[in-house]
Structure formats: structure tokens, C-alpha cells
Amino acid sequence: MRYLPHTRQDIDQMLAVTGHADLNQLFETIPDSAKTKTGLNLPDALSEWDLNAEMDKLASQNAACRSYTCLMGAGSYDHHIPAIVPYLVSRSEFMTAYTPYQPEVSQGTLQGIYEFQTMVTALLGMDIATASHYDGGTALAECALIALRKSKSANKIAVSNLIHPSHRHIMKTYLGPSGYEMVDIPADKNGLTDLVALKSMDDIAGVAVQSPNFFGNIEDLGSFKACADEKNCLLITSFTEALAHGLLKSPGRFGADLVAGEGQSLGMSKSFGGPGLGILAGTQSMMRNLPGRFVGKTVDSKGRRGYVLTLATREQHIRREKASSNICSNNGLNAMTAAIYMAAAGKNGIREIARLNHDKAVYLKNMLVGAGLQSVYSGAFFNEFVLKAPAGFANKRREIAEKYNLFAGVPLEPFYPDMADHYLFCATETVSRQAMDLLAKEVKA
Amino acid sequence: MTQPGTTGLIFNEPELWDKSREGRCGISIPRSDVPRADLDPALTGDTPELPQLSELDVVRHFIRLSQWNFCIDSGMYPLGSCTMKYNPKTNEVQAARKGFAAAHPLAGDQFSQGALKLMYELEQLLGEITGFPAVTLQPAAGAHGEFTGMLMIHAWHAKQGRQRSKILVPDTAHGTNPASASLCGYKSVNIKSGPKGVLEPATVAEAMDEDTAGIMITNPNTLGLFEDNIKEVCDIVHAKGGLVYGDGANMNAVMGIIKPGELGIDVLHLNLHKTFSTPHGGGGPGSGPVAVVKDLIPFLPVPRVQKENDTYSFITNCPDSIGRMHTFYGHFGIMVRAFAYILSMGGDGLKRASQLAVLNANYIKESLKTTLDLPYDRPCMHECVFTDKSVQEYHISTMDMAKRLLDYGFHPPTVYFPLVVDAAFMVEPTETESKDDIDQFIEAVKAIVKEAASNPEKLKSAPYLPKVTRLDEVAAARKPCLKG
């Protein structure tokens with residue numbers, strides 16, 4: 001087997017040194033009662049060529065194997081990925097490198113992550129960003145824990161109903177054993193988080209709002225900040241579509257204390273939902289409360305610029321049971337991916353691409369409303385919006401998928417049971433006018 | 001013999017923003033075929049201050065950065081507890097297949113059968129390898145898997161009607177163990193390992209009571225030793241109504257030799273980026289599937305993958321589930337790689353990998369035990385631990401030896417972990433390192449110990465060959481500069 005270099009001669013020479021008669025004897029310290037009698041009942045090893053055939057077969061059982069038009073978002077977005085991104089990130093030196101605990105031989109990873117941290121703060125208008133987390137939902141759950149632990153008196157956190165349902169589910173799971181409570185801030189009739197409902201809540205450690213929210217609508221973060229200030233609690237904002245920040249006013253501008261979000265849109269493929277990229281940013285005063293890894297700049301013994309993992313005393317390998325989180329790995333290679341994407345797109349590119357997303361989504365909404373679907377909310381949105389379809393649309397939607405490999409929106413009923421026949425549509429820079437016109441034509445028919 | 005480390009031309013490279021020039025752009029902007037739609041200026045922000053670079057600027061920048069990195073593809077990482085084995089390139093080909101890479105997680109079961117089938121089959125394979133009836137692939141990393149497992153233990157006790165407050169954690173445990181327990185509100189009770197480096201049943205029995213939710217065990221443990229008393233330890237914990245959490249980070253030592261599920265472990269996490277060859281990526285993404293016994297199945301996170309005849313689907317109707325750990329289904333891209341690896345190795349191949357990993361570690365132990373102090377002179381599993389006792393008289397530490405190894409072309413072993421050993425120097429070669437490369441490593445360590453005696457100053461200022469010398473980590477923490 002090509003990954004196992006030992007020859008018969010190697011093994012014999014090595015066993016002579018260890019003093020064992022054969023490979024089985026290496027395990028003589030394991031009691032016989034502990035050894036398995038059943039062996040590994042796995043399929044026979046496949047050659048590289050048979051593996052290719054098997055995996056090709058499996059991959060072709062996903063609709064994504066052929067060209068398809070993706071008008072779905074809901075936390076996973078279809079964006080163009082420049083050729084240089086997978087090219088650079090597949091460099092052995094990035095991909096097969098270990099965590100940069102020995103900084104002298106990890107300056108590539110460390111500078112790359114330092115640049116990622118910096119660009120994230122620029123994108124979000126915040127003071128500091130961590131080296132990344134698993135995904136937006138887990139980063140958000142960590143923010144909730146920060147707010148709750150920081151509060152001297154409150155053990156509740158107010159959470160908008162329009163935060164991605166899976167993110168809220170993760171928060172609930174994380175908070176489960178702690179005794180902390182999540183209080184739901186309902187949606188108002190405009191598809192926005194109900195500020196009036198929030199105003200009546202007391203003794204909360206923090207307020208969590210997503211913008212653009214799950215319905216795609218842009219929230220009035222300024223009002224939420226004012227409300228959080230009045231209640232002397234933290235404002236946590238979140239996002240699922242990182243590219244929105246190429247166009248919208250940043251959470252930092254609104255005075256967010258903590259920002260958590262999903263960075264998959266910054267150069268990562270959808271990959272059936274993972275791995276993505278958890279982004280976590282905070283104000284300067286939050287620095288020692290943030291979990292996860294940080295890269296910091298320093299100098300070497302000759303005074304030359306260098307980078308190291310720093311502030312590790314917050315982390316599990318130092319503080320163990322007193323650590324602020326148990327997190328060990330970040331999503332390092334995906335943070336590098338985001339750094340490369342942000343460097344390539346740059347200031348102007350990210351603005352243009354964000355604007356294109358918005359233009360496409362507005363066009364799609366107009367076309368579909370013209371074709372007979374009902375507009376539900378009238379406020380501003382970024383690249384996602386909700387429409388109501390006539391009963392039976394589910395069948396038509398499936399037929400369109402089977403016929404054109406075009407996926408028209410995400411049904412909302414599984415997430416919000418009282419929203420049957422509502423669909424969340426998304427249009428990014430990848431969707432052609434032609435495809436949108438085709439959908440409108442099919443819908444009208 | 002010639003050591004691998006040598007000099008070569010690498011490049012200085014500034015930070016991205018220092019290369020930025022007004023007007024440059026490194027991405028292809030798609031043509032617009034729809035009208036411009038204005039957004040309310042009150043909602044529009046300033047353009048984010050990202051650098052402006054041409055495509056070659058970006059390529060050159062990251063290529064130069066990459067050349068400053070050590071990686072498995074260039075040299076050996078004998079890092080104990082990390083299992084830095086070779087990352088097969090065919091796994092990358094499989095993960096990049098359009099059907100997998102472009103798949104949207106909410107396309108619907110009908111249009112995602114390939115992904116669902118892969119997940120289902122991977123669960124089966126991992127269940128077979130570990131000896132458990134059910135597996136979840138949702139946790140995104142080992143520590144995440146630990147938290148998931150502890151949440152299930154917590155939920156199981158809640159369902160029994162009585163929550164417990166403590167958890168037993170051996171002194172050899174990885175830091176993520178007590179940290180994960182804390183997240184569930186459990187207080188960690190430290191259990192000292194015996195003089196042979198393994199847990200003794202009497203010690204466990206003394207600590208175990210009916211207010212203890214269970215124990216977290218790593219087997220083989222972080223000293224590279226098989227916990228011989230594991231079955232008895234599990235019985236002791238079970239007898240008082242507790243559960244056993246298994247940290248499967250060291251699974252690479254025992255595939256096809258033992259199955260944790262047969263030893264009394266109730267819930268076990270695996271690290272796909274260790275045992276199952278997925279790339280470390282400079283710190284992630286990893287993947288930490290969790291395997292469970294029958295009684296814990298109801299508590300698994302949702303959604304779960306179901307197979308009915310030849311059709312696969314996600315189910316969420318699991319009332320006792322702990323909930324959700326990841327926005328979608330976990331790190332699917334990493335699952336594809338691990339799946340490809342297991343299919344490439346087969347059962348015999350995985351067992352062989354474990355045998356050779358253990359052979360390599362024992363060979364190193366025997367070859368270096370007269371050079372470095374070996375606190376536990378007994379057969380090891382896939383890793384062995386030394387200390388710096390033999391060089392202390394020269395005022396040389398484990399850290400100095402580690403830094404000097406870099407000049408020889410090797411990444412250092414794990415240092416200063418596990419904590420039960422003073423100044424630990426923990427070596428795990430893995431099975432993908434050849435005898436030739438291991439012999440070079442052994443020679444390098446011997447040479448360094450000789451240098452410790454004859455020229456200690458040289459070690460104290462090592463390394464010399466990498467792009468930077470030792471960095472001021474104290475200053476970095478005292479006055480943190482986390483962005484440019």
C-alpha cells in the first residue's frame with residue numbers, strides 16, 4: 001500500500017531493535033480480554049482508480065454534479081470562486097501544515113491568519129477578530145456565553161427569532177446545561193425583529209440580532225444598540241452572508257460589542273454545508289473574553305517582524321477546566337481561504353460584487369412578483385427575500401428542479417411552521433438574467 | 001548521514017496593506033446583465049478598507065508566505081497526540097468533485113442522495129472500526145466532539161431523573177477534556193495515574209460515587225501507554241451509575257487490535273484529521289465524529305441520516321436529542337476525505353497502519369532510551385515520552401532541544417505535554433514515516449544531545465535556519481497587536 005513505506009527488510013531490522021518476534025507481539029501488553037475477536041469487517045481496499053470510479057458514482061447522485069442554478073441561500077451561498085483561491089490554498093505548505101505552535105517554521109500560516117484577522121476587522125468595523133471558529137452558529141453561541149458570563153446579575157439573553165433557526169438551535173444546545181435562558185424576540189409584521197417587544201424585557205445580559213436577518217431583511221441595528229445601552233447589556237450582531245458587509249453599514253459603525261458570523265461566502269465552496277468559517281469579532285475591551293486562537297505581531301531576537309499565537313492563557317491547553325471555551329482547532333485553512341479572497345477582491349472588488357448581489361436579487365424579486373408570487377415584506381434586503389406562493393407551488397418547484405436543475409428558493413415551513421407556502425429566494429452574482437427570466441416564465445405558466 | 005535541514009533562497013514579504021496601491025483589483029468582476037438597484041444611503045456603509053492588489057500581487061504574496069512554512073509534505077512532524085500522517089492527494093480529488101463541492105445543504109434529500117449515502121456509509125465504517133452501533137458526523141473538531149459527548153452524558157443523567165455534579169478526569173488528559181466537562185457544568189475531579197503510567201482501579205473506585213457522572217478516558221493514554229485496567233475501570237464507573245467517555249484521539253495505535261466499544265466505553269469521539277488522514281490545514285478544519293452505545297442513541301444531535309430500502313434521508317424527529325452542534329451536518333468536505341481514506345486502506349490496511357505506527361514508536365523508544373531520559377521504560381503504543389533530564393546538567397531544556405531540531409529539518413515533537421511528565425518530549429512518528437526518515441530523526445536527536453554537552457550556547461539560540469529566530473512571546477502577550 002503506497003502510504004505504508006515499510007519493506008519486509010525494514011520491519012525485520014526494526015523488530016530486531018525493539019526485541020519483538022513479529023508485529024503482533026508489539027501488542028502483548030494489551031490483555032487478551034481487551035483485544036477484539038471480531039476484526040475489521042470493512043470493504044476490501046480500493047485502488048486509486050476504483051476509488052475514482054466509486055466516488056464519481058456517488059457524486060453524480062447529487063444534483064450539484066451538473067450545472068445548476070442555485071437560488072437558495074439560508075446560510076450557504078453560491079459565489080464565484082477565483083481560480084487563485086483553491087490554487088493557493090492547496091499549497092502543501094498551507095494544507096499539510098500543523099497548528100503554528102512552533103512559530104519559527106510557521107510564519108506563512110501566522111502572517112496569513114494575522115492578515116485575515118485584520119481584514120475581518122476592516123470588513124466588520126470592529127477592533128479585534130479571532131483566528132476563526134467552526135461556523136457562524138457556534139461562534140454566535142460562544143458570544144451568548146460571553147455576554148451571560150460577563151453579566152453580574154442577568155442569566156437571560158434576548159435572541160431575535162429572525163436569527164438563522166439552526167444558529168438559534170445551536171445556542172440552545174450550548175446553553176442547555178448552564179441554566180442560562182434564551183428569551184425570544186419575535187418578528188414584527190415587516191419581517192424585522194420587534195424592537196417594541198425587546199423594550200419590555202428586563203434583566204437581560206445581551207441582545208442578539210442578525211442583519212441581514214434570516215428573511216434577508218436589513219435590521220435597524222442603531223435602534224438595537226440604543227436599546228441595549230438603555231438596558232446596560234451587550235449588543236451581539238450576527239450574519240450568515242459575509243459579502244453583505246461589502247455594501248451595508250458595518251456592525252462596528254452601530255456600536256456592536258460582539259459580532260459573530262459565517263464566512264463561507266469568502267471563497268469557500270458550499271460543500272453540502274461544511275466546512276465553513278466561523279467569524280468572531282469584538283471591541284477592544286472584549287479581547288480577553290474572546291475564545292479561540294489569536295495571532296499577534298512581535299519581533300524575533302534580531303528585531304525582525306514575526307507573528308505568534310498569543311494570549312493562550314485563555315485557552316484549554318493552559319487553563320483546562322477554567323478555559324473560556326474548550327475550542328482547540330479553528331478552521332485555519334478556511335481562514336486562509338477568506339484572506340486570499342478578500343485580498344483578491346479588495347476594497348473595490350468586494351463593493352462591486354456586493355452591489356451585483358443586490359442588483360440580481362432585486363431583479364429576481366421583481367420578476368417573480370410580476371409572475372404571480374406575492375411579496376411579503378417591503379423593506380430593504382441584501383440578496384435574499386421572502387415570497388409567498390400559491391398552494392401547489394411545491395410540486396412546480398420540484399418539477400423545475402428536475403427539469404432545469406434550477407432550485408427556486410428554500411421552503412420556510414420547516415423553519416417557521418406558520419409560514420407554509422413561503423419561500424426564501426436568493427440571487428447572487430452567479431445567477432444569470434436568463435435563468436431568472438426562465439424561472440419567472442415557468443412560474444407564470 | 002546528511003540531515004534534511006539546509007539553507008535556501010526564500011523571500012521577504014510585507015503585509016498585504018503595504019503592497020496595496022489605489023485602483024488595483026485582483027478578482028474578475030462578473031458582467032452585470034441586470035439594472036442597477038439602489039440601496040437606501042442610510043443603510044449603505046463606507047467601502048471596507050481592504051487592500052487593493054493585482055492578481056500577481058496576491059499570488060506572489062501567498063506563495064512567498066507558504067515558503068516559510070514547514071509541512072508534512074516537506075518533512076516529518078513527530079508530534080505526540082497529533083498523528084501527523086501523510087495526507088493522500090487522491091482525497092483532495094474526491095472532495096473537489098463538483099457533485100460534492102457545489103452541493104447546497106438545503107437542496108433536499110431527493111437531490112442529495114450521493115452526499116447522504118456517503119455520510120450513512122461513513123457512519124457505518126466508523127462504527128465498525130470502533131465497535132459502536134451508531135455514529136454522528138456532526139461535530140466539527142475533536143473538542144467539539146467531546147462537548148457533544150459530554151452533553152449526551154449530561155442529557156442521559158437528566159433523563160434518569162438525577163443530574164450529577166462531577167466528572168473524573170485523569171491527570172494525563174488533554175486540556176480539552178476538563179474544558180468540555182466544564183461547559184456542561186461538571187466539576188473535574190483529578191485522578192492520578194499510577195507509577196506505571198496508567199489508571200489503577202483502586203484510585204478510580206475511591207473517587208467514584210453517585211454524584212459523579214462518569215469518567216473521561218483516553219486509550220491509549222497521552223503517555224502512549226495502553227490503559228490495561230480499562231475494563232475494570234469501566235465496570236467501577238458503571239456500577240455506580242456513571243458513564244465512560246472515551247477520547248479517541250489516539251485511535252491510530254489500535255485499529256483492528258481493540259474496539260473501544262467492546263471495552264465498556266459508552267461514547268467516543270474520533271479525530272478525522274488525526275487517525276483518518278485529513279489535512280491539518282494550519283489549524284483546521286478538522287472533524288470529530290462521535291460513536292455511542294445503544295442507550296445513548298436517542299440523545300444524538302439532529303438531524304440524523306436514515307436509510308430506508310435504497311433511499312437516504314435526514315430525520316429530525318428525535319425528541320431526546322441534545323439538539324444541534326453545527327449549522328448544517330458537520331464538515332462534509334472533511335468526511336469525503338476520511339471516507340476516501342478508509343476505502344483506500346480497507347480493514348487490513350488500517351490494522352497494518354496501526355501495527356507500523358506502534359513499530360515506529362517502539363523503534364524510536366529503544367533507539368533513544370540511552371540518549372534521553374525515558375520515564376516509563378515499558379512497551380509503548382504509537383507514541384513515547386522522554387524528558388530533558390539527561391541534558392539538564394548543561395542547562396539545556398526540552399524547549400532548546402525542540403528549537404534545535406528545526407535546524408536539522410524536523411518539526412519538534414510535542415513538548416511540555418502531558419503535564420504528568422516534567423518537560424515532556426513526546427514523539428509520535430505515525431506509520432507513514434519510513435525507517436530511513438526515522439533513522440535520520442534518531443541521529444538528529446543524538447547529535448543535538450551531543451551538542452548540549454559540547455556547545456550548549458548553540459542550542460539556547462536555536463533555530464538558525466528558519467526565516468525568523470525565537471520570537472518574543474512575552475511581549476506579544478503583554479502588548480497584544482492582533483491586527484495591522
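Four residues of helix α5(A), namely Gly108(A), Gln111(A), Gly112(A) and Glu115(A), meet His61(B), Phe62(B) and Leu65(B) of helix α2(B). Sorted by class, this contact has 2 nonpolar, 4 polar and 1 charged residues. The model is a predicted one.

Now take the two helices as axes. Helix α5 spans residues 107–124 of chain A, and helix α2 spans residues 55–66 of chain B. The axes lie 7 Å apart, and the packing angle is about 140 degrees. Roughly antiparallel would need an angle over 145 degrees. The pair therefore counts as oblique.

Next, the sheet of chain B. Here 7 strands form an open sheet with mixed pairing. Read across, the order is β1-β7-β6-β5-β4-β2-β3. The edges are β1 (134–136) and β3 (187–191) of chain B, each pairing on one side only. From one strand to the next, the twist averages 25 degrees.

Strands of a sheet pair through backbone hydrogen bonds, in either a parallel or an antiparallel way. At the β1(B) edge, the partner is β7(B), residues 290–292. These two strands run antiparallel, and 3 bridges join them. One residue pair to look for is Ala134(B) with its bridge partner Val292(B) in β7(B).

A helix also packs on this sheet: α6(B), residues 142–160. Helix α6(B) touches β2 (166–170), β4 (212–218), β5 (243–247), β6 (267–269) and β7 of chain B. The direction of α6(B) makes about 175 degrees with that of β5(B).

Methods:
Residues are numbered from 1 along each chain as its sequence is written. Chains are lettered from A and ligands numbered from 1 in the order in which they are written. This is a predicted model: local features need pLDDT of at least 70, side-chain atom pairs count only at pLDDT 80 or more; totals for chains, interfaces and linings use all residues. Side-chain values use heavy atoms; hydrogens and water are left out. Axes are lines fitted to C-alpha atoms, for helices over the stretch in contact, and angles run from 0 to 180 degrees between N-to-C directions. Angles under 35 degrees count as roughly parallel, over 145 as roughly antiparallel, 65 to 115 as roughly perpendicular and the rest as oblique. Contact means heavy atoms within 4.5 Å. Ala, Val, Leu, Ile, Met, Phe, Trp, Tyr, Cys and Pro count as nonpolar, Asp, Glu, Lys and Arg as charged, and the others, Gly among them, as polar. Two strands pair if DSSP finds at least two bridges between them.
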